[in-house]
Amino acid sequence: MSYQASQEQLARFGRVAVVYGGNSAERPVSLKSGTAVLAALQRAGVDAFGIDLCGDADDLDPVRQLCDADYDCAFLALHGRGGEDGTIQGLLETLKRPYTGSGVSASALGMDKLRSKQLFVGTGLPTPPFCVLKTADDLAPCADQLGFPLMVKPAHEGSSIGMHKVNSLAELTSAWQDAAQYDTSVIAEKWVTGVEFTVAVLNGQTLPAIRLETPHDFYDYNAKYEANDTGYYFDNALSGAQNSELADIALNAFDAIGCRGWGRVDLMQDQAGEFYLLEVNTLPGMTDHSLVPMAAERAGMSFEELVVTILDGVCA
């Protein structure tokens, strides 16, 4: 038998709406996350149902969907703008419905890579140097300042959508043009040669860090959700002191953004052993390729226990 929520938990949870879908570029990932979360909650005995926000019907209004549905608590499995950025969180605050994950301001900050990095810099947390690319006139000065290679990112997209590694001014121009299709705010970040790690945070504690390896230039959309050649490792060869440093940076970044409940922090370690923050994810993926469930399993927690634990922190 799979993990079962206690009777006391079930009484507190009441009826739970798993909110997923949305209309961002990350809708396909959110559909997978929401489907997995819903099934796991139901296996654990929770009275849960799904709300596909902005689903296939043309007349669906997300505000009306959340106002009219009968639920006591919301488990958010949305990704991208319009779901992960504080807008739905604000609506649920207005409706006085408890929901999983971070609040309005932390969700907005976590979704904004530019302001997250500015906050990291302001609080003394390590993050790669970067430039803001507003117009074509910013490209050459940025290349002169940071050098190549660079990572170009739309500031408000997740799942590596619109991201490009570039090695020349011509590639930078093309990457900026592509990223600008997704977002008016684009950043270029100095490339860190080294190892990528991700650290899940759950109720103030870090789960085991995962070292990521991919034959791609970086951990892109395909490597995250589609490829079978991405490597996920817990034998990361870090010393005890380095593991502690990695966990401390992740928790400090999580706290600096103002996150609560659960999330994931992505970092790089360069060839000199220094760690650099990439971003904080306030609503990480929960698909069969996702990292938080992997880390939870490594810690001895089933997927059912993970989703019930996340829900338990907010539905009192």
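This section describes the strands, selected buried residues, annotated positions and cysteines of a predicted model.

Three strands form an open sheet in which the order is β2-β1-β3 and the pairing is parallel. The edges of this sheet are taken by β2, spanning residues 47-53, and by β3, spanning residues 73-76, each of which pairs on one side only. On average, and with direction ignored, neighbouring strands of the sheet are turned by 30° against each other. Strand β1, which comprises residues 15-21, runs parallel to β2 and is joined to β2 by seven bridges. Within this pairing, Ala-17 stands opposite Phe-49 of β2, and the bridge partner of Val-19 in β2 is Ile-51. Because six of its seven residues are buried, β1 is largely enclosed by the rest of the structure. Ahead of β2 in the chain, Gly-45 lies in the loop that connects α2 (27-43) with β2; this glycine is partly exposed, its relative accessible area being 37%. The C-alpha atom of Gly-45 is separated by 8.7 Å from that of Ser-6, although the two residues are 39 residues apart along the chain.

A further open sheet consists of four strands in the order β4-β7-β5-β6, and its pairing is antiparallel. Since β4 (130-133) and β6 (164-166) each have a single partner strand, they stand at the edges, and one side of each is left without a neighbour in the sheet. The average turn between neighbouring strands of this sheet is 25°, again with direction ignored. The edge strand β4 pairs with β7, residues 186-190, over four bridges in the antiparallel sense, and in this pairing Cys-131 of β4 stands opposite Ala-188 of β7.

Strand β12, residues 262-270, pairs with two further strands described here. With β8, which spans residues 194-202, the pairing is antiparallel and extends over nine bridges; Gly-194 is placed opposite Asp-270 of β12. With β13, the pairing is likewise antiparallel and involves six bridges, and Arg-264 is placed opposite Asn-281 of β13. The strands β12 and β13 form a hairpin with four residues between them, and Gly-273 in the turn has a positive phi of about 90°.

The burial of β12 extends along the strand, as nine of its nine residues are buried. In a regular strand, side chains alternate between the two faces of the sheet. In β12, Trp-262, Arg-264, Asp-266, Met-268 and Asp-270 point one way, whereas Gly-263, Val-265, Leu-267 and Gln-269 point the other way, and all of these residues are buried. Among them, Asp-266 has a relative accessibility of 6% and therefore counts as buried, the cut-off being under 20%. The side chain of Asp-266 makes a polar contact, at 2.7 Å, with the side chain of Thr-198.

Annotated positions were taken from an unreviewed UniProt entry, which lists Glu-26, Ser-159 and Ser-290 under "active site". Of these residues, Ser-290 is included in the lining of the second largest pocket. Ser-290 is located in the loop between β13 (275-281) and α11 (291-298), and with a relative accessibility of 7% it counts as buried. The side chain of Ser-290 also reaches the backbone oxygen of Gly-285, at a distance of 3.2 Å. The "binding site" annotation of the unreviewed UniProt entry covers Glu-279 and Asn-281. Glu-279 is found in strand β13 and is buried, with a relative accessible area of 14%. Asn-281 is the residue of β13 that stands opposite Arg-264, as noted above for the pairing with β12.

With respect to the cysteines, a search of the whole structure finds zero disulfides. For Cys-54, the closest cysteine sulfur belongs to Cys-67 and lies 13 Å away, which is too far for a bond, given that a disulfide requires two cysteine sulfur atoms within 2.5 Å. Cys-54 is buried, with a relative accessible area of 18%, and Cys-259 also counts as buried, at 10% relative accessibility.

Methods:
Residues are numbered from 1 along each chain as its sequence is written. This is a predicted model: local features need pLDDT of at least 70, side-chain atom pairs count only at pLDDT 80 or more; totals for chains, interfaces and linings use all residues. Side-chain values use heavy atoms; hydrogens and water are left out. Buried means under 20% relative accessible area, exposed over 50%, partly exposed in between (1.4 Å probe, protein chains only). Two strands pair if DSSP finds at least two bridges between them. Helices (H or I, at least four residues) and strands (E, at least two) are DSSP runs, numbered from the N terminus. Axes are lines fitted to C-alpha atoms, for helices over the stretch in contact, and angles run from 0 to 180 degrees between N-to-C directions. UniProt positions are given in the numbering used here, feature names are shortened, and annotations may be inferred rather than shown by experiment. On a 1 Å grid over the protein atoms alone, a cavity is a set of points where a 1.4 Å probe fits but cannot get out, and a pocket is an open set with protein on both sides within 12 Å along at least five of seven lines; lining residues have an atom within 4 Å of a point. A polar contact is a pair of N or O atoms within 3.5 Å; within protein, one must be able to donate a hydrogen and the other to accept it, and residues adjacent in sequence count only if both atoms are side-chain atoms.
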